[in-house]
Amino acid sequence: MEIAALLTSAGINISICIVLLSLYSVLRKQPANYCVYFGRRLVCGGARRYDPFWYERFVPSPSWLVKAWETSEDELLAAAGLDAVVFLRMVIFSIRIFFITAVVCIAFVLPVNYYGQPTVHKEIHLESSEVFTIENLKEGSKWLWVHCLALYIITSAACLLLYFDYRTISKMRLGHITGTASKPSQFTVLIRAIPWSPDQSYSDTLSKYFTNYYSSSYMSHQMVYHNGIIQRLLLDAERMCQSIKHVAPEINCKPSLTPCTFCGGPTATNSFHKLSSEGDSVKGMELGELSMTTPEQERPAAFVFFKTRYDALVVSEVLQSSNPMLWVTDLAPEPHDVFWRNLNIPYRQLWIRRIATLVGAVAFMFVFLIPVAFIQGLTQLEHLSHAFPFLRGILKKQFINQVITGYLPSVILILFFYAVPPLMMYFSTLEGSISRSIRKKSACIKVLYFTIWNVFFVNILSGSVIRQLNVFSSVRDIPEQLARAVPTQAGFFTTYCFTSGWASLACEIMQPMALIWNLVAKAISKNKDESYETLRFPFHTEVPRLLLFGLLGFTNSVIAPLILPFLLIYFFLAYLIYKNQILNVYITKYESGGQYWPIFHNTTIFSLILTQIIALGFFGLKLSTVASGFTIPLILLTLLFSEYCRHRFGPIFHKHPAQVLIDMDRADEMAGKMDELHKKLHNMYSQIPLHTQKSSSKGECSSPFASQELPDPEKLKPEEGDAIAKELWGYQGSESGQEREDKPCPSASSPEHLTPKRT
């Protein structure tokens, strides 16, 4: 690929980013869009302000960038939880390591590659991207020691940063466990595969078992019931109640005269009568009356409550029966994290479901080979023109050739990839995950494998076939074949960074789907006070994208370092944009407790080892025995480092330390908090919560940051003497202790709008 094609793709994507970011800085100031760009703040800590017309609302400003930069990690932890902090730690790690990598490789490796052969160079924009790769070096070159030294520096810096970050995040996870002492999940065990008995119900069987074997620690249990028609009707009624709340009063309260159907006379009537929002019709009813549960509706699963955290931990880790398919125990997820629908799945079906989803995911990977091969054909039009002569006419038009080979392939690949995350989330649901966080983590791993395979390996393989290179004939030839293929795809990987990186970040901050839906609701359906839904951060799409760019950066660092400055720009923009979105848009209702970091750590180690294997293949192709000899120990040292971190920090992310839980139990017993905690356990895992519980839980921020209010991202200073501007930016905080529930999206014509509170 020529540099001119890369510059064309870069110019198009830079223009898109500038336009979208400028448009975002204007749209976020419009009162009608608050529910799109400040969804989290509207739910977690609203305030009111008066918003008349003001000309600065229509002028782009970088104030949101400044605010995102100034927000500290402690504020982010209090506002969005540990998973958000871990994700931004991934971005910070990427900025640090690729800054070091870019400095080393641009300063030393790139000049060696460019002047590797004594040839007459063209102007930069007319050069081929392969001139800047290691492929430009001649065989037996003495300058290959520069690449070997750079590889050692990059690996050492990456392992050092990984170690310190792993250690810090491990401490944060322990703080996450100890800092939320009132978590009901620490006292609760989810038990599945309860044996069926014709003489008694599942509840009686469970009570008899735990009374017999855990009489000193067992308290009570809550059965899981079948989601029948009664439950669905109750959920539909709750949604209808929420919808009626937000109908404009001038529409639903005006009496009107309509002709009687039988006598034809006028009859006064209302469109409908709005009941009070306190749920009087269900107030005082017992949970059993609401859910109409019977022994026939019981499922072989239940939440079992214990007196101490340590008792629950022991029960969850011990094999309960000689038959491992019965009395299966796990620590329960948080109440908001429970995926109730999957608890109805019989445990004996789970292994079949996992195999079926694995087969489905692998089959989809092979089906995806078709669009990837087509995309590679667009990037290799010069080679395809020999087999298809009609393409030569297209290649003569320079600008069209640059757009087709430089910009279009990455755009098409991204469009095809939009179908991947929903499908992988569906596969993870079919697996039978007991919690939403586990389901999202499973989908994240599937999307990660799919992305690395199709974007990296399949592109390399299909490109090699089109170029008529020898595909892997044996395992021994893999390093050499990768070394030949990776430099040829450096241009495509760079354009993919532009399109999937820069442009995707601009689309992420614009929230186009939410913005269009908001405009449709206001302009077409005339709904000025509709309720809005808060979003959850899409870890299953953003973590794989981050790791893919890390893989591309490592594998191209000493091979084709031209991609590094563009990757560094992407990671820096990602830090600001993702932090802004986490603070303003996405709400944390459940989290995994930092369990995405081991995925990041293991994938980074894989990227480093793959980079070393590719470099080893190139050193062999260039007949440099010294560089090859020094690379082999580096691979072994990286594997040893990975194994050490797996044993030193890995167990903290999979198990709860007994020492910590026992200390927490003793502290609560001395403070007299145990009885209060025990009273709350049973109602926390109600499958159909009462109206008051449901209304208070809807849209609430997850503990311990439910009442946290952050500063307003806007720091615009109005002109002096402008009374309207001063009135515009004057905030009034909401009353303390106000019950949080779904609030209507503020409309542009309303004199008062919910906005973030300024402190």
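Author: A residue is called buried when its relative accessible area is under 20%, exposed when that area is over 50%, and partly exposed in between (1.4 Å probe, protein chains only). In this chain of 759 residues, 53% are buried. The model is a predicted one, in which local features need pLDDT of at least 70 and side-chain atom pairs count only at pLDDT 80 or more, while totals for chains, interfaces and linings use all residues. Residues are numbered from 1 along each chain as its sequence is written, and side-chain values use heavy atoms, with hydrogens and water left out.

Reader: How many helices and strands are there in the chain?

Author: Helices (H or I, at least four residues) and strands (E, at least two) are DSSP runs, numbered from the N terminus. The chain has 31 helices and nine strands. For contacts, the criterion is heavy atoms within 4.5 Å. Among contacts in the chain with a separation of 6 or more, 84% are between residues 24 or more positions apart.

Reader: What does the model show for the end-to-end distance of H26?

Author: The expected span of a helix is 1.5 Å times one less than its number of residues. The 26 residues of H26 should therefore span 38 Å, and the end C-alpha atoms are 38 Å apart, which agrees. Of these 26 residues, 21 are buried, so that H26 is mostly covered. After H26 comes Leu623, which has a positive phi, near 60°.

Reader: Which residues does Thr603 touch, leaving aside those up to four places away in sequence?

Author: Thr603 belongs to helix H26 and is buried, because its relative accessible area is 9%. Its contacts, with residues up to four places away left out, are Leu448, Ile452 and Leu547. Pro544 stands 59 residues from Thr603 along the chain, yet the two C-alpha atoms are separated by 9.6 Å.

Reader: How many cavities of 30 Å³ or more does the structure hold?

Author: On a 1 Å grid over the protein atoms alone, a cavity is a set of points where a 1.4 Å probe fits but cannot get out, whereas a pocket is an open set with protein on both sides within 12 Å along at least five of seven lines; lining residues have an atom within 4 Å of a point. Points are joined across faces, edges and corners, and a volume is the space filled by probe spheres set on the points. By this procedure the structure holds seven cavities of 30 Å³ or more. The largest cavity has a volume of about 170 Å³. Its lining has 16 residues, of which Asp83, Phe537, Phe539, Thr588 and Tyr590 are the closest to the centre. Helix H6 (82-114) and helix H20 (436-466) each supply at least two residues of this lining.

Reader: How many nonpolar, polar and charged residues are in that lining?

Author: The classes are nonpolar (Ala, Val, Leu, Ile, Met, Phe, Trp, Tyr, Cys and Pro), charged (Asp, Glu, Lys and Arg) and polar (the others, Gly among them). The lining of the largest cavity has nine nonpolar, three polar and four charged residues. For the second largest cavity, of about 70 Å³, the lining has seven nonpolar, five polar and no charged residues. Thr603 is one of its lining residues, as are Phe93, Leu547 and Phe600. H6, helix H24 (539-557) and helix H26 (596-621) each supply at least two residues there, and H24 gives the largest share, five residues.

Reader: Where does the largest share of the lining of the second largest pocket come from?

Author: That share, nine residues, comes from H22. The second largest pocket has a volume of about 1,100 Å³. Of its 36 lining residues, Tyr418, Glu508, Thr541, Glu542 and Arg545 are the closest to the centre. Helices that each supply at least two lining residues include H20, helix H22 (490-510) and H24. By class, 24 residues of the lining are nonpolar, eight polar and four charged.

Reader: Which side chain makes a polar contact of 2.9 Å with that of Asp665?

Author: A polar contact is a pair of N or O atoms within 3.5 Å; within protein, one must be able to donate a hydrogen and the other to accept it, and residues adjacent in sequence count only if both atoms are side-chain atoms. The partner of Asp665 at 2.9 Å is the side chain of Arg309. The Asp665 side chain also reaches the backbone nitrogen of Tyr310 at 3.1 Å. Asp665 lies in helix H28 (residues 658-671) and counts as buried because its relative accessible area is 5%. Among the residues that Asp665 touches, beyond those up to four places away in sequence, are Phe187, Thr308 and Met674.

Reader: Is Arg309 buried or exposed?

Author: Arg309 counts as buried, because its relative accessibility is 0%. Arg309 is found in helix H12 (residues 309-317), and its side chain makes a polar contact of 2.8 Å with the side chain of Gln186.
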